[in-house]
Amino acid sequence: MEDVKRMRELHRARFDAEPEVFAAPGRVNLIGEHTDYAEGFVMPVAIDFATLAAISPRDDGRVVMWAENYGEERSFDAAALPPERSGEWSDYPVGVLRMLAEAGVAIPASANSGLSLSLWGDVPLGSGLSSSASVEVATATAVVALVGATISGPELARLCQRAENEFVGANCGIMDQFISANGRANHALLLDCRDLSYRLAPIPENVALVIANTMVRHSIAGGEYGTRRAEVELACRILAGHRPEIRFLRDATVEDLARWGSEIPEAARKRARHIITENARTVAAADALERHDMKQLGELMREAHWSYSRDFEASCAEADRMVELAETLPGLIGARLTGGGFGGCTVNLVEQEQANGFKAALGKLYAQETGIEPEIYVCHASDGAHRVAP
Ligand code: ADP
Ligand code: MG
């Protein structure tokens, strides 16, 4: 709330106008890794780190953007937004404005209309919590409200994903924007990446999400990503040779793998086994949350981690160790490596009253063993994009 007040004052002082303020969160993926491009399931949670967007109309035909985190202003002619990326922060909001215009939500609506936009966020940048999606979704939500348009949450997410894919030039899936737009406090969101249908699954209020950054990012990540996708496609093609209805690994089962797995080269077979079992685990995890069966959820997260590590081979020694250390600590429900792999963050579900002790102990143990000070955030499942009341 303090942050919102500060944003309001900052915007008022800079633009001499009373803004409306919107918030869109970052996220963490609880379970469902590398299942998105197999048209499978993911289950992210919106967290209580967010980007705030303060917005007000202008009558000089300009789009003026202020990034409080960078202390920088960018100003454009509303009728002639840059057609190309510049490689800096303004690409995200500009990309969103361009995609909104393509969808028929254009600034200017009349010759002199424009807007002033102030952005500020506390989502750690580049830590895998998707500050970029939170900027996009906050911007889109603010602009849609300013011009009085209506766009559904899923549509808004698609549009922001297109801004990041096509304008910013980052090849991300739909998950980050989808959860930032559609998340709900005290819930995880089970998303079907095939048709974007989703359901919310409750996370008990006394459970914290402790996100621990290993602070390592192994350089193989880029190249290995391509290899993994090729292996996944190979396995899919071989299974589809037997069952043509298998279009993506989402359509395959462990029984298929048991029957025809011997025809698949070993590496590809292991990647496929991860994706097929991960898909099932992700749906099972939503079911476990609905039953309030935290023990089962923890077990599924544990299985997911070791499947990611041993079958998909996308973990690393530091992340494996961080998960093992978490499992020795009181209050832990489940821990696993989250995100694209080869480093990054682990996500830990922890009983709320133990969360601060867990954070301190995990930080200490990890630093002792690896010599690396991790960054650790205690978060809670939060609402997706929304207007912030004055
Ligand atoms: P992440 O994993 O955090 O999404 P990305 O590299 O995808 O990492 O996105 C980070 C980029 O998003 C930053 O370099 C910046 O350009 C933009 N960004 C994030 N937060 C803000 C913010 N509060 N204000 C302006 N730009 C931001
Ligand atoms: Mg990003």
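1. Let's start with Pro374: at 13% relative accessibility it counts as buried, where buried means under 20% relative accessible area, exposed over 50% and partly exposed in between (1.4 Å probe, protein chains only). Pro374 sits in the loop between α11 (355-370) and β11 (375-379); helices (H or I, at least four residues) and strands (E, at least two) are DSSP runs numbered from the N terminus. Leaving out residues up to four places away in sequence, Pro374 touches Asn213, Met215, Met322, Gly363 and Tyr366, a contact being heavy atoms within 4.5 Å. Its C-alpha atom is 32 Å from that of Ile276, 98 residues apart along the chain.

2. Some housekeeping before going on. This is a predicted model, in which local features need pLDDT of at least 70 and side-chain atom pairs count only at pLDDT 80 or more, while totals for chains, interfaces and linings use all residues. Residues are numbered from 1 along each chain as its sequence is written, chains are lettered from A and ligands numbered from 1 in the order in which they are written, and side-chain values use heavy atoms, with hydrogens and water left out.

3. Now the overall picture. The chain has 11 helices and 12 strands. Its radius of gyration is 22 Å, close to the 21 Å that the globule rule gives for 390 residues, so the chain is as compact as a globular protein of that length. (The radius is taken over C-alpha atoms, and the rule is 2.2 Å times the number of residues to the power 0.38.) Along the principal axes, the C-alpha atoms fill a box of roughly 65 × 50 × 40 Å.

4. On packing, buried residues make up 55% of the 390 residues. Of the contacts with a separation of 6 or more, 70% come from residues 24 or more positions apart. One pair linking distant parts of the sequence is Lys5 and Pro390: they are 385 residues apart along the chain, yet their C-alpha atoms are separated by 8.2 Å. Lys5 lies in helix α1 (residues 2-15) and, at 48% relative accessibility, counts as partly exposed.

5. What about the surface and charges? The chain exposes about 15,900 Å², with carbon and sulfur atoms supplying 48% of it; areas come from the Shrake-Rupley method with a 1.4 Å probe, and for residues only the protein chains shown count as cover. There are 38 positive and 56 negative side chains, and the centres of the two sets lie 3 Å apart. Lys and Arg count as positive and Asp and Glu as negative, with His and the chain ends not counted; each charge is placed at NZ of Lys, CZ of Arg, CG of Asp or CD of Glu.

6. Which residues touch the most other members of the largest nonpolar core? Of its 45 residues, they are Val63, Met65, Leu97, Leu115, Leu117 and Leu191. Helix α3 (residues 131-147) gives the largest share of this core, 7 residues. A second, separate core of 33 residues includes Val45, Ile47, Ala201 and Tyr377. A core here is a set of buried Ala, Val, Leu, Ile, Met, Phe, Trp, Tyr and Cys residues joined through side-chain atoms within 4.5 Å. For Leu115, partners beyond four places in sequence include Ile55, Val63, Leu97, Ile107, Val143 and Leu146, along with Arg58 and Arg62.

7. Helix α10 (residues 317-327) deserves a look. Glu318, Ala319, Asp320, Met322, Val323, Leu325 and Ala326 are buried there, and the buried residues of α10 pack against β8 (207-217), α9 (294-311), β9 (332-337), β10 (343-351) and α11. Ala326 counts as buried at 0% relative accessibility. Beyond four places in sequence, Ala326 touches Leu332, Ala335, Asn348, Phe358 and Leu362.

8. Glu33 is a charged residue to check by eye. Buried or exposed? At 5% relative accessibility, Glu33 counts as buried, and its place is in the loop between β1 (20-31) and β2 (41-58). Its partners, again past four places in sequence, are His274, Glu278, Tyr308, Arg336, Leu337, Thr338 and Gly339.

9. Finally, the backbone oddities. Most residues other than glycine have a negative phi, and most peptide bonds are trans. Here, a cis peptide bond with omega of about 5° joins Ile107 and Pro108, Pro108 being in the loop between α2 (91-102) and β5 (114-121). Asn186 has a positive phi of about 60° and, at 27% relative accessibility, counts as partly exposed. Leu196 also has a positive phi of about 60°; it lies in the loop between β6 and β7 (198-202) and counts as buried at 12% relative accessibility.
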